[in-house]
2 protein chains.
Amino acid sequence: MSVATAMPSLLGQAFEQVQSEVDSVFDAFLPVPDDTRARLIEAMRYAVIGGGKRVRPLLLVATAELFGVNRNAAINAGCAVEAIHAYSLIHDDLPCMDDDEMRHGKPTLHKAFDEATAVLAGDSLHALAFDILTQPDTSTDPFVRAELVATLARASGHDGMAGGQMMDIVSEEQSYDLRQVTRLQQLKTGALLAASVEMGAVLGRVAPEGRTHLRAYARDIGLAFQIADDLLDVEGDETLAGKALRKDEEQGKQTFVTLMGVEQARAQATMLVEQAGDHLATYGDDARLLVELAHFIVKRDH
Amino acid sequence: MSVATAMPSLLGQAFEQVQSEVDSVFDAFLPVPDDTRARLIEAMRYAVIGGGKRVRPLLLVATAELFGVNRNAAINAGCAVEAIHAYSLIHDDLPCMDDDEMRHGKPTLHKAFDEATAVLAGDSLHALAFDILTQPDTSTDPFVRAELVATLARASGHDGMAGGQMMDIVSEEQSYDLRQVTRLQQLKTGALLAASVEMGAVLGRVAPEGRTHLRAYARDIGLAFQIADDLLDVEGDETLAGKALRKDEEQGKQTFVTLMGVEQARAQATMLVEQAGDHLATYGDDARLLVELAHFIVKRDH
């Protein structure tokens, strides 16, 4: 992955390691069968192996590391979040949704395969996420397994990611103010990023009342992530991004950038990232990776 | 629901009660929010409230009753299976899949709303299923919650229902033999019916080695169910079925009926239902509802 080249070495190495581990887990979970389901499993592999930055798995693993969680357990849970993220991109790219042709620098799944396979591959990755979370390898403690499932299901459903996507669709017809755009983005992008951090804490057996600083960090980077995405949509390079840009303006959507202007949006993202880092002060140098990840989120070029 | 009218009273009453309880649970889980997610939640409600026979929840509840499981817990788990079933129908009906316009006697979800909403409503019901299973109301024991999730995730993913749907799509291009049609149907329809029975046993804390008879019952009714469906597709009344029929022939698919003929298919379904009942002999009269349900499965007219 080229992500590493422009990054400081601690973060660059962390990304490379997680990317390789996530690929291995998906490879192991998705052997291609010797029957006519092969097309489905090949489509799932196309979507989850060898592409994507793996921001969510890294967030989860870096949080879990704070509490000495077993590495393989954290990678498994990270793959579950990534499977949800991947299914949402497949369905989002469909002609009846955003109708996108490129993703991660290659044809979207329904272009490489077909629409029916894309619907089913998304659905199957959705189920795979929960299948992975209930493996004893992810946690030997059923309470932890059940809490991981509860966290991910809530973050991805109608009160989380999917709810945010609905708000996003409606925003093409209805002009949102800053409060509504913030709420939309907290659900659409923020909920799954926050779940990644939360699940790291669940694996670390941190009680809910001990997760306050982590939740504040997650909230701030979630918003910063989306502001950076809106800036990329306006200023980014399509080749580096590996997908179509300038879509918000085309669709007439209000974004952080249309509502705040480029300069104020950039200042807001920078402020949020600084604030996110401050929330982790209590963890000292152990949280260095999470702090660097926050900075990467606003500086990334794709 | 008109299902009850043509049925013996024990089964008819059981269906009516489960239908009403399932509707109540979905109603409670899906309050319509005062924001632009409203369209999504209304679509979810359209799909899961007031329609469908509720065969899977009744299977689960009737199995759970054998082991004295709390009724509300079993209904919750039944709603999770029904949410998965409902999402699969929504996605199956999409123009890029089966392109159906009627379901349960009313317009399919993408006709009543739109395609993007249908994709998201399906995805949100998928997440809701796992959300419901991790509620303490479903089980106070996290081990049971995690096992319910594991059972449902595996039954619905690429090694279960979704895998069967892929095989079904490929069957339009490729001529299957009886072995392949059986395998397809075991995955596409059988896996979720079997999961319903299995989850009743999980709630009843029956160890896997104690589930042999129940699994044999589930396997037999799963096949009988699909043979009956194939017979309905050939001989059924579209008004009673509430959906388009004669689709298998149009799409050139091999089915139990094309491969065995109407008479042999009917005899096979009847034999399977008798055999399914025999597997439950060990439970005596307690299993009367499950036995009647097996008979209903082949006699139903929709």
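Reader: What rotation superposes chain B on chain A, and how much shift along the axis goes with it?

Author: Chain B lands on chain A after a rotation of 180° with 0.0 Å of shift along the axis, at an RMSD of 0.0 Å. The fit is by least squares on the C-alpha atoms of residues with pLDDT of at least 70 in both copies. Because the values are these, the relation is that of a two-fold axis. This is a predicted model, where local features need pLDDT of at least 70, side-chain atom pairs count only at pLDDT 80 or more, and totals for chains, interfaces and linings use all residues. Residues are numbered from 1 along each chain as its sequence is written, chains are lettered from A and ligands numbered from 1 in the order written, and side-chain values use heavy atoms, leaving out hydrogens and water.

Reader: Which residue of chain B comes closest to that rotation axis?

Author: Ala146(B) does, with its C-alpha at 2.5 Å.

Reader: How do you know that the copies meet through the same surface?

Author: Of the interface residues of chain B, 100% are also interface residues in chain A, so the surface is the same for both copies.

Reader: Why is Asp100(B) called buried?

Author: Its relative accessible area is 9%; buried means under 20%, exposed over 50% and partly exposed in between, with a 1.4 Å probe and protein chains only. Asp100(B) therefore meets the cut-off for buried.

Reader: Where is Asp100(B) found, and which residues does Asp100(B) touch?

Author: Asp100(B) lies in the loop between helix 4 (71–93) and strand 1 (102–103) of chain B; helices (H or I, at least four residues) and strands (E, at least two) are DSSP runs, numbered from the N terminus. Leaving aside residues up to four places away in sequence, Asp100(B) touches Asp93(B), Thr108(B), His110(B), Ala244(B) and Lys247(B), a contact being heavy atoms within 4.5 Å.

Reader: What volume does the largest cavity have, and what lines it?

Author: About 210 Å³ of space lies in the largest cavity. Among its 18 lining residues, Ala47(B), Leu89(B), Ile90(B), Arg103(B) and His104(B) lie nearest its centre. A cavity is a set of points on a 1 Å grid over the protein atoms alone where a 1.4 Å probe fits but cannot get out, and lining residues have an atom within 4 Å of a point.

Reader: Which element gives the largest share of that lining?

Author: Helix 4 of chain B does, with six residues.

Reader: What about the second largest cavity?

Author: The second largest cavity has a volume of about 170 Å³, and helix 4 of chain A gives the most to its lining, with six residues.

Methods: 1 Å grid on protein atoms, 1.4 Å probe; cavity = no way out; pocket = protein on both sides within 12 Å on 5 of 7 lines; lining within 4 Å. Points joined across faces, edges and corners; volume = space filled by probe spheres on them.
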